[in-house]
Amino acid sequence: MVEYILLLVIAVGLAALLSKQLVSRNMDDPGIITSKWAQILKAIGDDLPDKHR
């Protein structure tokens, strides 16, 4: 029983660490996915529409 609880604690700890590193919304240290998503949105927003003749 102790081994299962230890494995559960390790799994929950790793999940918390991964979620903090990947999707953190902290402005000083954004997560990897969050920062890449912001870069994609900025690139789309900076794109100029094509002029039709």
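This is a short tour of the structure, with a suggestion at each stop for what to select.

Before you start, note that this is a predicted model, in which local features need pLDDT of at least 70 and side-chain atom pairs count only at pLDDT 80 or more, while totals for chains, interfaces and linings use all residues. Residues are numbered from 1 along each chain as its sequence is written, and side-chain values use heavy atoms, with hydrogens and water left out.

**The whole chain**

Begin with a cartoon of everything: you will see 2 helices and 0 strands (DSSP runs, H or I of at least four residues for helices and E of at least two for strands, numbered from the N terminus). The radius of gyration is 20 Å, well over the 10 Å that the globule rule gives for 53 residues, so the protein is more spread out than a compact globule. That radius is taken over C-alpha atoms, and the rule is 2.2 Å times the number of residues to the power 0.38. Turn the C-alpha trace along its principal axes and it spans about 75 × 25 × 10 Å.

Now switch on the surface. It comes to about 5400 Å², with 69% belonging to carbon and sulfur atoms (Shrake-Rupley method, 1.4 Å probe; for residues, only the protein chains shown count as cover). Of the 53 residues, 4% count as buried; buried means under 20% relative accessible area, exposed over 50%, and partly exposed in between (1.4 Å probe, protein chains only).

**The end of helix H1 and the loop**

Select Val23, in helix H1. Val23 is partly exposed, at 44% relative accessible area. Measure from its C-alpha atom to that of Glu3, 20 residues away along the chain, and you get 30 Å. Leaving out residues up to four places away in sequence, Val23 touches Gly31, Ile33 and Thr34 (contact means heavy atoms within 4.5 Å).

Next, pick Ser24, in the loop between helix H1 (2-23) and helix H2 (32-46). Ser24 is buried, with a relative accessible area of 16%. Beyond its neighbours within four places in sequence, Ser24 contacts Ser19, Asp29, Pro30, Gly31 and Thr34. Show the side chain of Ser24 too: one of its polar atoms lies 3.3 Å from the backbone nitrogen of Asn26.

**Helix H2**

Finish with Lys42 and Asp46, which both lie in helix H2, 4 residues apart, about one turn of the helix. They form a salt bridge, with the closest N and O atoms 2.8 Å apart. The rule asks for a side-chain nitrogen of Lys or Arg within 4 Å of a carboxyl oxygen of Asp or Glu, and the count comes to 1 salt bridge. Lys42 is exposed, at 53% relative accessibility.

Methods. A polar contact is a pair of N or O atoms within 3.5 Å; within protein, one must be able to donate a hydrogen and the other to accept it, and residues adjacent in sequence count only if both atoms are side-chain atoms.
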